[in-house]
Structure formats: C-alpha cells, structure tokens
Amino acid sequence: MQVIHEGSERWGPDRPDLGGPEPGPAFGRLFDAHAAQLRRYLARRVGAEPANDLVAETFLVALRRRETYRPELGTARSWLYGIATNLLRHHVRSELRGLQATARLARTGEVSHANHDGRVAEQVDAQVRAAQLAGALARLNPADRDTLLLVSWAGLEPGEVAEALGIPPGTVRSRLHRIRRWLRTNAPAQEEVQDLA
C-alpha cells in the first residue's frame, strides 16, 4: 500500500484529502456535493427542522474529526452518512415514539375525514398503509432500520452502507435480505415494502 502524502490528490474528488492545514475549501466542496442529499435523507427520518440541524451538526463533527477520515477505507459520502447515522441515534427515541403513535392510529382506526368522498377514502387507505408500514419500521431493531433506510431513503449502495456503519458488506447484504423477508411478512402495505426493499 502506498503512503499518501499530505495534499495529495491521489484519491480523487470522492475521497478528498481533509488533513491539510486549511480545510475550508475541501469542506465547502463536500457540503456542495452532499448536503442536499443528506438533508433529504435526514428529513425523511426526523422531519425538516431537525434535518437542518443534523446536517449542520454532521459537517461540524466531520470538520472536528477530519483527521479520522481515511480515503483508503471509503468515500467521503459514506463517511458523512456514517456520522449522520450516529447523530440520528440520539433522535431514535423521538422517531420510535412517532412511529409507534402512527401505528396506534392504524390499530384504533382513528383517521381524519376532512375531505370529500372519493378523496377521503383514498386518504384513509394511504394513512392506514403508512401507519402499518410505520409500525413495521418501529419494530425493526435500530441497526436494521438504519441499514434499510440508508439504502431506501438515502440511496446508498450496500458497500457504502457498510462503510457508513463500519460493518462488512456481507453483513449489509445479509441484513437487507432478512429485513425484506421480514417486511413482506409483517407489513401489509406491499407497495410501500417494495419501495423500501
């Protein structure tokens, strides 16, 4: 393995050197390249306002820990998603409470009927399917939920998920296979399961 010298561009734009004395330009490029996608992923997990805060916190943590980034081990994108996923874990309790509350709606049949006839029926069906899927997601353990949502909502490839979570790629593929099988059995909203899987 070759030694990478400070300032080297050997790795390319997806694996930048972040260890230089002036990290601002490199982090500006990282932000421009990844912040919007990262925000969309985080917003799907925790909502728009917390997502904005988490994106800012992700880049702040990345800047503070830039010496821990190793381009030979993965892309900057997967490193940023790994940091964001760790930050998300602090929000898991809120996320789970929301998913469990939504699932309770499906069990109790409490649905708002604010619109007109046909649209009301469509909205009720969509709310029930979303509630059922939310309930299934809430029952997944955090590691499985992170794996599934990094693939389905963030659009990461299994290899990138492995880099982000610090696990072997085979573990990601195994988890995804097991999760998809479990969702097909335990989440009645089959179209949504296909979207996730």
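**Exercise 1. Place Gly155 in the predicted model.**

Task: State whether Gly155 is buried, partly exposed or exposed, and find its surroundings.

Solution.
Step 1. The relative accessibility of Gly155 is 42%. Buried means under 20% and exposed means over 50%, so Gly155 counts as partly exposed. The model is a predicted one.
Step 2. Gly155 sits in the loop between α6 (142-152) and α7.
Step 3. Leaving aside residues up to four places away in sequence, Gly155 touches Arg77, Leu150 and Glu160.
Step 4. Tyr41 is 114 residues from Gly155 in sequence, yet their C-alpha atoms are 8.6 Å apart in space.

**Exercise 2. Describe the chain as a whole.**

Task: Find how many helices and strands the chain has, and what share of its residues counts as buried.

Solution.
Step 1. The count is 9 helices and 0 strands. Along the sequence, this gives the pattern α-α-α-α-α-α-α-α-α.
Step 2. The chain has 197 residues, and 40% of them count as buried.
Step 3. About 11200 Å² of the chain is exposed, and carbon and sulfur atoms supply 52% of that area.
Step 4. Take the contacts between residues at least 6 apart in sequence: 65% of these join residues at least 24 apart.

**Exercise 3. Compare the span of α1 with that of a straight helix.**

Task: Determine how far apart the end C-alpha atoms of helix α1 are, and where the helix has a kink.

Solution.
Step 1. Helix α1 covers residues 24-46, which is 23 residues. A straight helix at 1.5 Å a residue would reach 33 Å.
Step 2. The end C-alpha atoms of α1 are only 28 Å apart, short of that value.
Step 3. A kink of about 50° in α1 is centred on His34.
Step 4. His34 is one of the buried residues of α1; among the others are Phe27, Leu30, Leu38, Tyr41 and Arg45.
Step 5. Just after α1 comes Gly47, with a positive phi of about 100°.

**Exercise 4. Do the same for α3.**

Task: Check the span of α3 against 1.5 Å a residue, and find how many of its residues are buried.

Solution.
Step 1. The 13 residues of α3 should span 18 Å, because the expected span is 1.5 Å times one less than the number of residues.
Step 2. The end C-alpha atoms of α3 are 18 Å apart, which agrees with that value.
Step 3. Helix α3 is mostly covered, with 12 of its 13 residues buried. These include Arg77, Trp79, Tyr81, Gly82, Ile83 and Leu88.

**Exercise 5. Examine the largest pocket.**

Task: Find how much space lies in the largest pocket, and which helix gives the largest share of its lining.

Solution.
Step 1. The space in the largest pocket is about 380 Å³.
Step 2. The lining consists of 20 residues. Those nearest the centre are Trp79, Gly82, Ile83, Glu163 and Ala164.
Step 3. Helices α3 (76-88) and α7 (158-165) each supply at least two lining residues. The largest share, 6 residues, comes from α3.
Step 4. In α7, the buried residues are Glu160, Val161, Ala162, Ala164 and Leu165. Their cover includes α3, α6 and α8 (169-186).
Step 5. Gly166 follows α7 and has a positive phi, near 70°.

**Exercise 6. Classify Ile179, Pro50 and Asp17.**

Task: For each residue, decide whether it is buried or partly exposed.

Solution.
Step 1. Ile179 lies in helix α8. Its relative accessibility is 1%, so Ile179 counts as buried. Beyond residues up to four places away in sequence, Ile179 touches Leu140, Asp144, Thr147 and Leu148. Arg145 is 34 residues away in sequence, and its C-alpha atom is 8.6 Å from that of Ile179.
Step 2. Pro50 belongs to helix α2 (residues 48-64). With a relative accessible area of 28%, Pro50 is partly exposed. Pro50 and Leu88 are 38 residues apart in sequence, and 9.7 Å apart from C-alpha to C-alpha.
Step 3. Asp17 is in the segment before α1. At 25% relative accessibility, Asp17 counts as partly exposed. The C-alpha atoms of Asp17 and Pro71 are separated by 7.3 Å, while the two residues are 54 residues apart along the chain.

Methods
Residues are numbered from 1 along each chain as its sequence is written. This is a predicted model: local features need pLDDT of at least 70, side-chain atom pairs count only at pLDDT 80 or more; totals for chains, interfaces and linings use all residues. Side-chain values use heavy atoms; hydrogens and water are left out. Helices (H or I, at least four residues) and strands (E, at least two) are DSSP runs, numbered from the N terminus. Buried means under 20% relative accessible area, exposed over 50%, partly exposed in between (1.4 Å probe, protein chains only). Contact means heavy atoms within 4.5 Å. Accessible areas come from the Shrake-Rupley method with a 1.4 Å probe; for residues, only the protein chains shown count as cover. The bend at a residue is the angle between axes fitted to the seven residues ending there and the seven starting there. On a 1 Å grid over the protein atoms alone, a cavity is a set of points where a 1.4 Å probe fits but cannot get out, and a pocket is an open set with protein on both sides within 12 Å along at least five of seven lines; lining residues have an atom within 4 Å of a point. Grid points are joined across faces, edges and corners, and a volume is the space filled by probe spheres set on the points.
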